[in-house]
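Student: I should like to go through the terms used for this model and see how each one is justified.
Tutor: Let us take them in turn.

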Amino acid sequence: MHYMTDPMPPVDWIELLEPPALPSPEDNLFSSQEDWWNNACLNWCHDGWGLYASGYKEAADLLVQRVEERNVSQDSLVYPVLFLYRQYLELEIKDLIRQSRRLQDIAGDFPKHHHIGNLWGECHKLLSEISPGDSVAEL
C-alpha cells in the first residue's frame, strides 16, 4: 500500500497508451474450469429474464453499499449506479409489458427501444386494461 510519504512507482506512459491485445482464436470466453462452482450459470432458471434484470439491481445495491461503508468514490460511482438502477427499471417495465400482453392475448413481445417514459406509458395502459378499477398510485 502506498502512502503519501512512499514514492510512487514509475509509470510507463507509452505502455498506457497502447491498446490492449485483441482476443485470439485460441481464446475461449465461455468454458468450464476445474473450479466450476465459480462459473456463472446462465439460463438455469425458468425465468431467465427476471434473473437478468435483478442482476443490474444487485450490482447497483453492492456499489451503493460499498460507497456507504467506505464513504469514498461517490462522485465517480454515481453514474454507474444510476445506469444500473435505470437498466433494472427498464427491464422490469419491459417484462410487465410482455406479461400484460400475454394475459390479454396481444401478439408481440416487448418494445425494443430504451425510452423509459414511453415504456412506462405503454405499461401503464396495459395494466389499466387488465385492472381498470385500480388507481394510478396503485399502478
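Student: Why is Lys57 called partly exposed?
Tutor: This is a predicted model, and in it Lys57 has a relative accessible area of 31%. Buried requires under 20% and exposed over 50%, so Lys57, at 31%, is partly exposed.

Student: What makes the pairing of Lys57 with Asp61 a salt bridge?
Tutor: The closest N and O atoms of Lys57 and Asp61 are 2.8 Å apart. The cut-off is 4 Å, so the pair counts as a salt bridge. Both residues lie in helix 2, 4 residues apart, about one turn of the helix. In general, an α-helix has 3.6 residues a turn, so residues three or four places apart point the same way. Asp61 is also partly exposed, with a relative accessible area of 29%.

Student: How do you know that the span of helix 2 is close to the expected one?
Tutor: Helix 2 covers residues 48-70 and has 23 residues. The expected span, at 1.5 Å a residue, is 33 Å, and the helix reaches 33 Å from its first C-alpha to its last. Its buried residues are Trp49, Ala53, Ala60 and Val67, and what covers them includes helix 3. Just after helix 2, Asn71 takes a positive phi of about 55°.

Student: Which residues of helix 3 form a salt bridge 3 residues apart, and why are they called buried?
Tutor: They are Asp95 and Arg98, whose side chains meet at 2.3 Å, N to O. Asp95 has a relative accessible area of 7% and Arg98 one of 13%. Buried means under 20%, so both residues are buried.

Student: Why is Lys112 called exposed, and what is Asp109 called?
Tutor: Lys112 has a relative accessible area of 60%, and the cut-off for exposed is over 50%, so Lys112 is exposed. Asp109, at 35%, counts as partly exposed. The side chains of Lys112 and Asp109 meet at 3.8 Å, N to O, which is within 4 Å, and therefore form a salt bridge.

Student: What makes Arg101 buried, and with which residues is it in contact?
Tutor: Arg101, found in helix 3, has a relative accessible area of 14%, which is under 20%, so Arg101 is buried. Leaving aside its neighbours within four places in sequence, its contacts include Ile106, Asp109, Phe110, Glu122 and Leu126.

Student: How many salt bridges are counted by this rule?
Tutor: The count comes to 7. Arg86, Glu90 and Lys94 are linked in a network of salt bridges.

Terms used:
Residues are numbered from 1 along each chain as its sequence is written. This is a predicted model: local features need pLDDT of at least 70, side-chain atom pairs count only at pLDDT 80 or more; totals for chains, interfaces and linings use all residues. Side-chain values use heavy atoms; hydrogens and water are left out. Helices (H or I, at least four residues) and strands (E, at least two) are DSSP runs, numbered from the N terminus. Buried means under 20% relative accessible area, exposed over 50%, partly exposed in between (1.4 Å probe, protein chains only). Contact means heavy atoms within 4.5 Å. The expected span of a helix is 1.5 Å times one less than its number of residues.
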